[in-house]
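Colleague: I am new to reading protein models, and I would love a guided look at one. Could you take me through it slowly?

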Amino acid sequence: MNSVKYEGLMEEQGGGHGLIRRCKVQPGNISCISKPVDHFEAIAYKVLQDTPLKNGIPKFYGIDKDGSQENIIMEDLTIGFKSPCMGDFKVGTRHYDINATEEKKKMILSRQKGSTTESIGVRLTDAKTRRNGAVVKVWSRKQGFSFNYDQFEEAWNEFLPTAHIREEVTKKLNALYTEFKETAQQNPGFRMYSSSIFIAYDGDDMSDTSEVRVSFIDLAHAHINLANEGCDINDKQFDDGVLQGISSLMNF
């Protein structure tokens, strides 16, 4: 990556990340997105390139500085779609970091109480479907917190409206499950808190299931080795519950 040309804000954003911008990377004039560096995210993208999970995260082009702001430059998972349909599904049972204040921890636990995060390890954060460039259906973060299992399953099936798309998503979720598990086996202190699975397809061409995209995003609270940060990796309080969340999505 020699240079980055920044463009406008990305309208087709998932869970409300309003600082994501489209950009072009040289050489190659490659369409990408930029996201401000947050917590451990830049480290996670760099290190995970050498793990089985490298195929389960957006392609990483590097870190670029725009003024005083450092940005992660990564693959645009909606590129080429005329009507991008996108879903952001927060996976795992623990969404606060190891250094979170008690106030932050209590706030997060209170907010997710009774949600599908507690029961099945995943909840809907944000989802949109589009046809002919227009938004057809939106599911909000607020709805995601309130959904029970049946409501979540109903939204999932409406978001992925054909059996072929659901089958392709399940296949790719299975690959993601394996990649995450192998990465955790190679790195026993590896944890990912408050990350999401991002699913995208083109609402104008739902027959082309080869273009269905499934990837982890939001790696700000990913730790490669908690032992290096003084944590007992065998202590269940540090479990992230990510594999449970992926399993739940596959069960739908």
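Modeller: Gladly! Let us start with Thr129, which is buried, with a relative accessible area of 3%; buried means under 20% relative accessible area, exposed over 50%, and partly exposed in between, using a 1.4 Å probe and protein chains only. This is a predicted model, where local features need pLDDT of at least 70 and side-chain atom pairs count only at pLDDT 80 or more, while totals for chains, interfaces and linings use all residues. Residues are numbered from 1 along each chain as its sequence is written, and side-chain values use heavy atoms, with hydrogens and water left out.

Colleague: Which residues does Thr129 touch, not counting those up to four places away in sequence?

Modeller: Contact means heavy atoms within 4.5 Å. By that rule Thr129 touches Cys85, Ala134, Val135, Val136, Lys137, Trp139, Phe159 and Tyr201. Thr129 itself is found in strand E7. Helices (H or I, at least four residues) and strands (E, at least two) are DSSP runs, numbered from the N terminus.

Colleague: How do I read a sheet, and what is the order of the strands in the one with E7?

Modeller: Strands of a sheet pair through backbone hydrogen bonds, either parallel or antiparallel. Two strands count as paired if DSSP finds at least two bridges between them. Here, an open sheet of 5 strands runs E8-E7-E6-E10-E11, with antiparallel pairing. Its edge strands, E8 (134–139) and E11 (213–217), each pair on one side only. From one strand to the next, the twist averages 15 degrees; axes are lines fitted to C-alpha atoms, for helices over the stretch in contact, and angles run from 0 to 180 degrees between N-to-C directions.

Colleague: How many bridges link E6 and E7?

Modeller: Strand E6 (residues 84–91) pairs with strand E7 (residues 122–131) over 6 bridges, in the antiparallel sense. As one example, Phe89 has Leu124 in E7 as its bridge partner.

Colleague: What is the strand order in the sheet that contains E1?

Modeller: That open sheet of 5 strands has the order E1-E2-E3-E5-E4, again with antiparallel pairing. At its edges are E1 (3–9) and E4 (60–66), each pairing on one side only. Ignoring direction, neighbouring strands of this sheet are turned by 35 degrees against each other on average. Try following Lys24 across the strands: Lys5 stands opposite Lys24 in E2, and Lys24 stands opposite Ser31 in E3. In the hairpin of E2 and E3, which has 3 residues between the strands, Gly28 takes a positive phi near 105 degrees.

Colleague: Is Cys32 in strand E3 buried or exposed?

Modeller: Cys32 counts as buried, at 1% relative accessibility. Beyond its neighbours within four places in sequence, Cys32 is in contact with residues including Arg21, Cys23, Tyr61 and Ile73.

Colleague: What about empty space: which residues line the second largest pocket?

Modeller: Rolling a probe the size of a water molecule over the atoms shows where empty space is left. On a 1 Å grid over the protein atoms alone, a pocket is an open set of points where a 1.4 Å probe fits, with protein on both sides within 12 Å along at least five of seven lines; lining residues have an atom within 4 Å of a point. Among the lining residues of the second largest pocket are Phe180, Arg191, Asn234 and Asp239.
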